[in-house]
Amino acid sequence: MHQKTSRIGKEKRMQGTYTHAVITGGSSGIGLAAAGVLVSSGCTVLLVSRDARKLQNASEILSAQGGAERVSTLQLDVTDRTAVQRELAPVCEKQPPDFVMNSAGMTFPGYFSLTDSDVFDQVLSTNLTGCWNVLKTVVPFMERGSSIVNVSSLAGLVGTFGYTAYSASKFALVGLSEALRSELVHRGIRVHVLCPPDTDTPMLEEENRTKPPETRALSGSAGVMSAEAVAAAMFRGMRRGHFMIVPGMQGAMVYLLKRLLPGLVYRVADSIVRKSTVENT
Ligand SMILES: NC(=O)c1ccc[n+]([C@@H]2O[C@H](COP(=O)([O-])OP(=O)(O)OC[C@H]3O[C@@H](n4cnc5c(N)ncnc54)[C@H](OP(=O)(O)O)[C@@H]3O)[C@@H](O)[C@H]2O)c1
């Protein structure tokens, strides 16, 4: 019996087919792109986020892709631990998810000296504690063969100018995911961490308005991907059984260089920052 369910779990992963998905941050950007792939494959998807209008809009987009009856929404702030438990647990009890993606996230890029501690708290509570809250609620319902993807960032692998709060939250998310991976692998549940480079989403559009020029110069050097390309890379990485998924050639190169030659990465980044500071003074 154990061997049979284990084999089913493995086959499921190899085919990348899931039955019931929960996606926080599913109303927009990368989460919405992943929802589109899942809905097209016949999976039901629960989109979780705060803004009812965005949820409605996302639901209409997915319906137009032929998934009307497979999409439901839950208006929820992942930072509200009590509400996450109260609202999400009954849904998972009724329909245990076999795919959970924590994509809800936010950032306020800015110089450390100008970043309020309240902003730090808000970024940490959404990107890290919010993910924790959801995991604490959903994992008890997840069965062998299920998968979890936590969305970190390339800024969760390379500490990036202008992202002190954001990088702190995303590095921590990699640590949380790695530790959780080692616990859940024994239950046949796969944990992955997705570290996208700059991705063309409403979040990037918003942060581009306030980014310090040095941050803009650095992110420009790694290119911008579409949310659909990031979602496709995520599912590809999952099928290959990768824990760490870094979409795009440039992202993968930065990740590799940071691991092998961190000093070189610092020197290149410092030189881009210095050049951009000179240009902007
Ligand atoms: N875009 C990039 O360049 C990039 C690069 C690397 C990593 N990422 C990461 O990718 C993830 C998705 O970002 P995105 O670019 O797709 O941004 P996005 O289009 O702005 O989507 C963010 C999603 O998170 C939801 N959300 C934010 N705070 C929430 C909260 N407290 N509770 C519940 N839902 C919340 C938003 O909906 P509501 O506002 O309605 O709640 C929205 O659905 C984030 O974790 C981000 O850090 C993005």
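Visitor: How do you know that strand 2 and strand 3 pair?

Guide: Strand 2 (residues 44–49) and strand 3 run in the parallel sense and share five bridges. Pairing takes at least two bridges, so the two strands count as paired. One bridge joins Val48 to Leu74 of strand 3. Bear in mind that this is a predicted model.

Visitor: What makes strand 3 and strand 9 the edges of the sheet?

Guide: Start with the strand order, 3-2-1-4-5-6-9, in an open sheet of seven strands with parallel pairing. Strand 3 (71–75) and strand 9 (244–245) each have a single partner strand, so one side of each lacks a neighbour in the sheet.

Visitor: Which helix touches strand 2 and strand 3, and how is that helix directed?

Guide: That's helix 3, which packs on the sheet with its direction at about 170 degrees to that of strand 3. Angles over 145 degrees count as roughly antiparallel, so helix 3 is roughly antiparallel to strand 3. Helix 6 packs on the sheet too, touching strand 5 (147–151) and strand 6 (190–194), and makes about 165 degrees with the direction of strand 6.

Visitor: Why is helix 5 called roughly parallel to helix 6?

Guide: The axes of helix 5 and helix 6 (residues 164–184) cross at roughly 20 degrees and come within 9 Å. The cut-off for roughly parallel is under 35 degrees, so helix 5 gets that label with helix 6. The crossing of the two is right-handed. Among the residues making the contact are Val123, Leu124 and Leu128 of helix 5 and Ala168, Ala172 and Leu176 of helix 6.

Visitor: What classes of residue make up the contact of helix 5 with helix 6?

Guide: There are 13 nonpolar, two polar and one charged residues in the contact.

Visitor: And what makes helix 2 roughly parallel to helix 3?

Guide: Helix 2 and helix 3 (residues 52–67) pack at about 30 degrees, with axes 10 Å apart. That angle falls under 35 degrees, so helix 2 is roughly parallel to helix 3. Their crossing is right-handed. Leu32, Ala35, Gly36, Val39 and Ser40 in helix 2 meet Ala58, Ile61, Leu62, Gln65 and Gly67 in helix 3. By class, the contact has six nonpolar, four polar and no charged residues.

Visitor: Which helices each supply at least two residues of the shell around the ligand?

Guide: Helix 2 (29–40), helix 5 (117–138) and helix 7 (202–210) do. The ligand is surrounded by 29 residues, the closest being Gly25, Gly29, Asp51, Gly105 and Met203. The shell divides into nine nonpolar, 15 polar and five charged residues.

Conventions: Residues are numbered from 1 along each chain as its sequence is written. This is a predicted model: local features need pLDDT of at least 70, side-chain atom pairs count only at pLDDT 80 or more; totals for chains, interfaces and linings use all residues. A residue is near a molecule or strand if its C-beta atom, placed from the backbone, lies within 6 Å of it. Helices (H or I, at least four residues) and strands (E, at least two) are DSSP runs, numbered from the N terminus. Ala, Val, Leu, Ile, Met, Phe, Trp, Tyr, Cys and Pro count as nonpolar, Asp, Glu, Lys and Arg as charged, and the others, Gly among them, as polar. Axes are lines fitted to C-alpha atoms, for helices over the stretch in contact, and angles run from 0 to 180 degrees between N-to-C directions. Angles under 35 degrees count as roughly parallel, over 145 as roughly antiparallel, 65 to 115 as roughly perpendicular and the rest as oblique. A crossing is left-handed if the near helix is turned anticlockwise from the far one by less than a right angle, and right-handed if clockwise. Two residues are in contact if their C-beta atoms, placed from the backbone, lie within 7 Å.
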